[in-house]
Amino acid sequence: MEGSREKEHLLALKVMRLTKPSLMPFHPLICDKRDLSGAIYQQMDLDDLSKPSGVDYFGVGDLLTLPQNFGNIFLGETFSSYISVHNDSTQLCRDIAVKADLQTSSQRLMLSGVTPHPTAELTPNDSIDGVIHHEVKELGTHILVCAVSYVTESGDKMAFRKFFKFQVLKPLDVKTKFYNAESDEVYLEAQIQNITPGPIFMDHVSLEPSVSYSVTKMNDIDEDDKVYPVFGKVNYLNSLDTRQYLYCLTPKPEAYLESKVLKGVTNIGKLDITWRTNMGERGRLQTSQLQRVAPGYGDIRLTVESIPDTVSIETTFTITFRITNCCERTVDLALILQNHNSPGVLWCGVSGKQLGKLPQNNSLDLPLTVIATSPGLQTISGLRLTDNFLKRTYEHDEIAQVFVCE
């Protein structure tokens, strides 16, 4: 911390950051036993208070030590500070007010916890103490501004301020990837890397979906009728290690009907991450809204709702298709079936059938019969949809595959 130059005042202001202690480091003195100073170094190691019991050359001891400097503050952690105003003079001070503000690059926050109301009197050698807490939500430079005002015995109004500057660092590096499935489901992969200098315990990682989606987390396994994370019962993440989390998002029916997930950019949700340091200090980080760009389906989208995996040769089977109108107008569709594109399987039915009008954002389920004529893995192709209004034909080939056995 950096303090401003203090004027001649009756009161003194002291500010100290409150942090958890750390394990005292142990630096063993190692030398050859044949050295003349070998016995001296060995005795010094035995007399060292920081030496861990039962482990001769381990670098961390059994004792705790208070921090010797300000230390690092990471985004999402709680900044705690102890503020003390002490009367160093021999005079009585009245109407003492202590205020603390935290100034960032974008805003100035008033912190509570010091003196909510002015103190009537402060006798010599007495002090006013308080503790402030603030969850850090911004990166970059932060300035703690402490202001003290009081009235002397002669009635003079005095005031002074002190400034304390510190940096807020980034604790985690979060990267996301989206994978679009044919069934309108979206898979979100979140890569979380610990970029702090020490290990952390991943307490909780979840995805809060937007109103258009429902989420299913895919990071747990069932074992002995209990659910455990795939990373193990102890979710420990060392420095610079990366962990991947997977979520499946399914669009809600009402959002699908309103075409919220078919076109443009949609909000997926927010990642909520909480962790603890090796001394139990808690940190929390929530990302901004994750956005996903919907794939382009064109005016008419064709998906396969049901198809058998395996069929016998020279037998018929049924494929159910879903036709969705993705354009901003009503279409009048006609079905055309072509058998020259996939000779291994042939359409059974009338080509040129009128399907009728399909309004915007609506769907139509269409069951069609197919006969298998050749063994092996066969590709379904040759389905055409014609819009009678614009005389436009939408071609759909290599729609699906089916294995034909003899």
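**Salt bridges, a buried arginine and two loops**

Arg276 counts as partly exposed, since its relative accessibility is 31% (partly exposed is the range between buried, under 20% relative accessible area, and exposed, over 50%, with a 1.4 Å probe and protein chains only). The model is predicted, so to speak of local features takes a pLDDT of at least 70, side-chain atom pairs count only at pLDDT 80 or more, and totals for chains, interfaces and linings use all residues. Residues are numbered from 1 along each chain as its sequence is written, and side-chain values rest on heavy atoms, with hydrogens and water left out.

First, the overall picture. The protein chain has 2 helices and 33 strands (DSSP runs numbered from the N terminus: H or I of at least four residues for helices, E of at least two for strands). Of its 406 residues, 38% are buried. The accessible surface comes to about 23100 Å², and carbon and sulfur atoms hold 51% of it; these areas come from the Shrake-Rupley method with a 1.4 Å probe, and for residues only the protein chains shown count as cover. Among contacts with a separation of 6 or more, 71% are between residues 24 or more positions apart, a contact being heavy atoms within 4.5 Å.

Back to Arg276 and the charged pairs. There are 9 salt bridges in the structure, each one a side-chain nitrogen of Lys or Arg within 4 Å of a carboxyl oxygen of Asp or Glu. Arg276 makes one of them with Asp203, at 3.6 Å from N to O. This pair ties together distant parts of the chain, with Asp203 in strand β14 (residues 200-209) and Arg276 in strand β20, 73 residues apart. Asp203 is also partly exposed, at 36% relative accessible area.

Arg329 and Asp387 form another salt bridge, at 2.8 Å from N to O. Here too distant parts of the chain are linked: Arg329 sits in the loop between β25 (316-325) and β26 (331-337), Asp387 in strand β31 (residues 383-387), and their positions lie 58 residues apart. The two ends have unlike surroundings, as Arg329 is partly exposed at 25% relative accessibility, whereas Asp387 is buried at 0%.

Strand β31 also supplies Arg384, which pairs with Asp397 in a salt bridge whose closest N and O atoms are 3.0 Å apart. Asp397 belongs to the loop between β32 (392-396) and β33 (400-405), Arg384 to β31, and the two are 13 residues apart, again linking distant parts of the chain. Asp397 is partly exposed, with 39% relative accessibility, while Arg384 is buried, with 7%. Elsewhere, salt bridges with shared partners join Glu305, Arg322 and Asp365 into one network.

Not every buried arginine has such a partner. Arg243, in strand β19 (residues 242-251), is buried without a salt bridge, and the nearest side chain of opposite charge, that of Asp241, is 6.1 Å away (Lys and Arg count as positive, Asp and Glu as negative, and His and the chain ends are not counted). What does turn up is a backbone oxygen, that of Tyr236, 3.1 Å from a polar atom of the Arg243 side chain. Beyond residues up to four places away in sequence, Arg243 touches Ala190, Gln191, Ile192, Phe231, Asn235, Tyr236 and Leu237.

Thr152 is a buried loop residue. Its place is in the loop between β10 (140-151) and β11 (157-169), and its relative accessible area of 7% makes it buried. The Thr152 side chain makes a polar contact with that of Ser154 at 3.1 Å; such a contact is a pair of N or O atoms within 3.5 Å, where within protein one must be able to donate a hydrogen and the other to accept it, and residues adjacent in sequence count only if both atoms are side-chain atoms. Setting aside neighbours within four places in sequence, Thr152 contacts Leu10, Leu92, Arg94 and Met158.

Met279 lies in the loop between β20 (265-277) and β21 (282-286) and is partly exposed, at 27%. Its C-alpha is 9.8 Å from that of Thr19, despite 260 residues of sequence separation. Leaving out residues up to four places away, Met279 touches Lys20, Pro21, Ser22, Leu23 and Leu64.

Leu18 is in the loop between β1 (11-17) and β2 (22-25) and is partly exposed at 37% relative accessibility. With Met16 and Val131, Leu18 makes a nonpolar surface patch of about 250 Å². Patches are built from residues with over 30% relative accessible area and no salt bridge, joining like charges within 9 Å and nonpolar side chains (Val, Leu, Ile, Met, Phe, Trp, Tyr) within 5 Å.
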